[in-house]
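Thank you all for making time for this. I would like to walk through one model with you, element by element, and I will leave the overall picture until after a first local example.

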Amino acid sequence: MTRELYKNIIDSVSAGVIVLDEDTAVVSWNRWMEKRSGIRREDMLGKRVLDTFTELQGTRIERAIDKALHQNSPSVLSAKLMKASFPLYNESIVSRHNHQRIVQSIQIKPLQQDDKQFCVISIFDISTSDLRERALRTQSAMLTDLVRDLEEKDHELNTIFNSTQNGIIIFDINGQILNANPAAIRLTGVPHDEITDHYIYQYIDHISSDTFNSLDVEAIIGRLADHNEFEEEMTLTNHEGNMVPIKASFNIIPHEEKRSRFYIFFRDITRQKKAEEKLYRMARFDSVTGLDNRISFTEKLEYAINIHKRSGQTLSIFFIDLDRFKSVNDKLGHSAGDALLKMVGERLSTRCRDCDTLARWAGDEFVLLLEQQTHQRSAITVAEKIIAEFQKPFHIEATDVFIGASIGIAQYPEDGSTPEALVIHADQAMYQAKNEGKGNFRFFTEEMNARMTERLVMETELRNAIDQEEFQLFYQPQIDVLSGNIAGVEALIRWNHPKRGLLTPDSFIEVAEDCGLITAIGDWVLQEAISISAQWQKRFGTPLMMSVNLSPKQFNDDTLVAKLRRLLHAVGLAPSTLMLEITENDLIADHQSTHLILNALKTLGVKIAIDDFGTGYSSLAYLRTLPVDTLKIDKEFFVRSRSDDTDSHIISAIIDLAHALKLEVIAEGIETYTQMELLKMKKCDIAQGFLIGKPMAFDTLQRWYDSKISVR
Ligand SMILES: Nc1nc2c(ncn2[C@@H]2O[C@@H]3COP(=O)(O)O[C@H]4[C@@H](O)[C@H](n5cnc6c(=O)[nH]c(N)nc65)O[C@@H]4COP(=O)(O)O[C@H]3[C@H]2O)c(=O)[nH]1
């Protein structure tokens, strides 16, 4: 379309048309405008419309122009806009000098062209009634739409307000309740028609508040002024006085000053709180005894240390380990074990004051923190009372169960300044108490710590010892008492320690047992001993009775029989050439499974000896029921028999009884000819001891044997 045609079209329109650019400068001014304003197009083009009609500044017309240019949004202004209309002169009605405004309907619309923003102002003269009527009708239709829109929105809001399960309370600047939705009425328990007589602070409060009605409405309103809304966990006290935890969100409904409204939007979080509490309890309390657990104890101990740092008072930490708990658990089952732990917890609690903390540390270990201690004596008194508590039996599943307690005590600040150090030291002291005979208590000493550190070092070294091939077997000969011929050997382990030289088992077997390495070491011993036995048979043409010590863990290892069968088969050795030595105490530890294991070993065909006989409390009558072949009299009897006649009598009695039970007897620790004479006299079967030969390496054993044979 040509510019000329465009100009003619807008000049022919019977309405004012003004087009403004982004700076509100006039780019189009039609003939109607020239006529009604008396201002020519040439005079207006390029001029700012608001500079010409200054009285439009700050009016709705200016705002509408701004909206069209900057928000791309149209406006319709119509009415008798006395102030905010274009001051146009209707020449046909009034004289040029008589400034009379006409009634206008003004549309201000945005227009985008070639990436530029324009604003088109159309001015209609509606001074005549029919035009005015039309404009009014348009306006009324617009208003109807607006009202309908508002009603729809209102309906939606009302539905949400009435049906939501969350409580909504609207209140004023004084906290007075103005409205509440059905959920809020239900949660507060206040009748609907009475709710507006109440104040928000009568029901809603801070969670930690201990003063009733302490909700500070002014402070809440202050916070809302800064943030518009905020959320907090609070409590709702209903009409009956019951407290419910809620999650509350406060909001403001802006109004003119002083008439502002506020609302609280809240929901009942009882279930969430219960779940949180459950989780908290699970994380901090022991489920079996209901006592504090390790985490909670450590925190309380840390707190106590911080407090006592200032007061200078002593804290005592008890590490309590139950004696014989494992055997009760194994025999009566886990639920009985749990019941026993619960009873122990209750019994220990009776020995504690309110300010003390008792916790279950792990398994059958308890820890106790005594505060307000002034001297060691108080800790001793508590320890003695606890040990005395265990003198009485625990009644479980119609059985009276006797267990004991060993206690280690560490004290703050002397024995450590952190919870970890104090508990470790108390544990070390407990270990010492246990080693010294159970049912005891010991205070921590630095010496214990040194010993423990040494143990830990040994544990690490032991782990490497197998791979580094640092173990070696020595063999101690055993002879037939009557003939003097070799009857067998006992394999005894040695550790070629890289720094400490050759170590005997007394210095490391216990550590290996405690740290679980004994099975791996024992497996190596069995393999080595069986392989040596096979070599012997090959070299001398006769089988050698090889005795091997078995630790309780190995004895209870489910794979033991299969392992032995495989090892013996691999070298083609008869099972009857292998004798397994099990100590008397280990055999009586668990009667039921002992029988099962021994029977399986017997079926395999290996021999079984009861080692260190006389040191335990087993009756010969019980031993009779066990499928064993040999009884080894503990060497202690022979050491003592040199000075005490009674022991000679006991040795005689044991040999007689063992023979009566058809058991072979080996006397261990024979160092003198007199002892040898006694054995001969009592017809003891086999003798072992330094008199015959000390434990020796395999090469030496072979030479020893060679020399024996050549003498004959
Ligand atoms: N004073 C004196 N002592 C004598 C005499 N004759 C033998 N002995 C010592 O008595 C211990 C006999 O072994 P045990 O009672 O089974 O006692 C063994 C056994 O219980 C354990 N042991 C040794 N080797 C092994 C092993 O391979 N595995 C396991 N689990 N324990 C082992 O270590 C304990 C100590 O072994 P060793 O130090 O080799 O000590 C050996 C031996 O050297 C004597 O006439 N006088």
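**A pair of helices, and what surrounds them**

Helices H11 and H12 are oblique to each other, and I start with them. What lies behind that word is an angle of about 140° between helix H11, residues 325-332, and helix H12, residues 334-350, with the two axes 6 Å apart. Since angles over 145 degrees would count as roughly antiparallel, the label of oblique follows from that cut-off. On the H11 side the contact is made by Val 328, Asn 329 and Leu 332, which meet His 334, Ala 336, Gly 337 and Leu 340 in H12. By character, the residues of this contact divide into four nonpolar and three polar, with no charged residue.

While we are on H12, please look at Ser 349, which lies in that helix. Ser 349 counts as partly exposed, because it has 14 C-beta neighbours inside 10 Å, and buried would require 20 or more. The C-alpha atom of Ser 349 is separated by 9.6 Å from that of Ala 359, which is 10 residues away along the chain.

Now to the whole chain, and I should say plainly that this is a predicted model. The protein has 712 residues, of which 30% are buried, and it contains 26 helices and 27 strands. If we take the contacts between residues at least 6 apart in sequence, 56% of them join residues at least 24 apart.

Next, the sheet that I would like you to find in the structure. Six strands form an open sheet, in the order E7-E6-E11-E10-E9-E8, and the pairing is antiparallel. At the edges are strand E7, residues 177-180, and strand E8, residues 204-206, each of which pairs on one side only. From one strand to the next the twist averages 35°. Within this sheet, strand E9, residues 229-237, runs antiparallel to strand E10, residues 243-253, and nine bridges join the two. To fix the register, note that Thr 235 stands opposite Pro 245 in E10. Helix H8 packs on the sheet, where it touches E9, E10 and strand E11, residues 261-268, and the direction of H8 makes about 155° with that of E9.

Is helix H8 buried or in the open? Of its 11 residues, 217-227, the number buried is one, so H8 lies largely in the open, even though it packs on the sheet. Directly after H8 comes Asn 228, with a positive phi near 70°.

A separate hairpin deserves a moment as well. Strand E4, residues 104-113, and strand E5, residues 116-125, pair in the antiparallel sense over 10 bridges, with Lys 109 standing opposite Val 120 in E5. Two residues lie between the strands of this hairpin, and Asp 114 in the turn has a positive phi of about 45°.

Which other backbone details would I flag? One is a cis peptide bond, which joins Tyr 412 and Pro 413, with omega about 10°; Pro 413 is found in the loop between strand E17, residues 404-412, and helix H14, residues 419-435. Beyond H14, in the loop that leads to strand E18, residues 441-443, Lys 438 has a positive phi of about 60° although it is not a glycine. Lys 438 is partly exposed, with 14 other C-beta atoms within 10 Å. Lys 662, which is not a glycine either, also has a positive phi of about 60°, and its place is in the loop between helix H24, residues 645-660, and strand E26, residues 664-668. With 8 C-beta neighbours inside 10 Å, Lys 662 counts as exposed, since 12 or fewer is the limit for that class.

I finish with the ligand. Which residues come nearest to the ligand? Of the 23 residues around it, they are Leu 492, Ile 493, Pro 505, Asn 549 and Gly 689. Strand E20, residues 486-497, helix H17, residues 518-540, and strand E24, residues 607-613, each supply at least two residues of the shell. That shell divides into eight nonpolar, eight polar and seven charged residues.

Key
Residues are numbered from 1 along each chain as its sequence is written. This is a predicted model: local features need pLDDT of at least 70, side-chain atom pairs count only at pLDDT 80 or more; totals for chains, interfaces and linings use all residues. Helices (H or I, at least four residues) and strands (E, at least two) are DSSP runs, numbered from the N terminus. Two residues are in contact if their C-beta atoms, placed from the backbone, lie within 7 Å. A residue is near a molecule or strand if its C-beta atom, placed from the backbone, lies within 6 Å of it. Ala, Val, Leu, Ile, Met, Phe, Trp, Tyr, Cys and Pro count as nonpolar, Asp, Glu, Lys and Arg as charged, and the others, Gly among them, as polar. Two strands pair if DSSP finds at least two bridges between them. Axes are lines fitted to C-alpha atoms, for helices over the stretch in contact, and angles run from 0 to 180 degrees between N-to-C directions. Angles under 35 degrees count as roughly parallel, over 145 as roughly antiparallel, 65 to 115 as roughly perpendicular and the rest as oblique.
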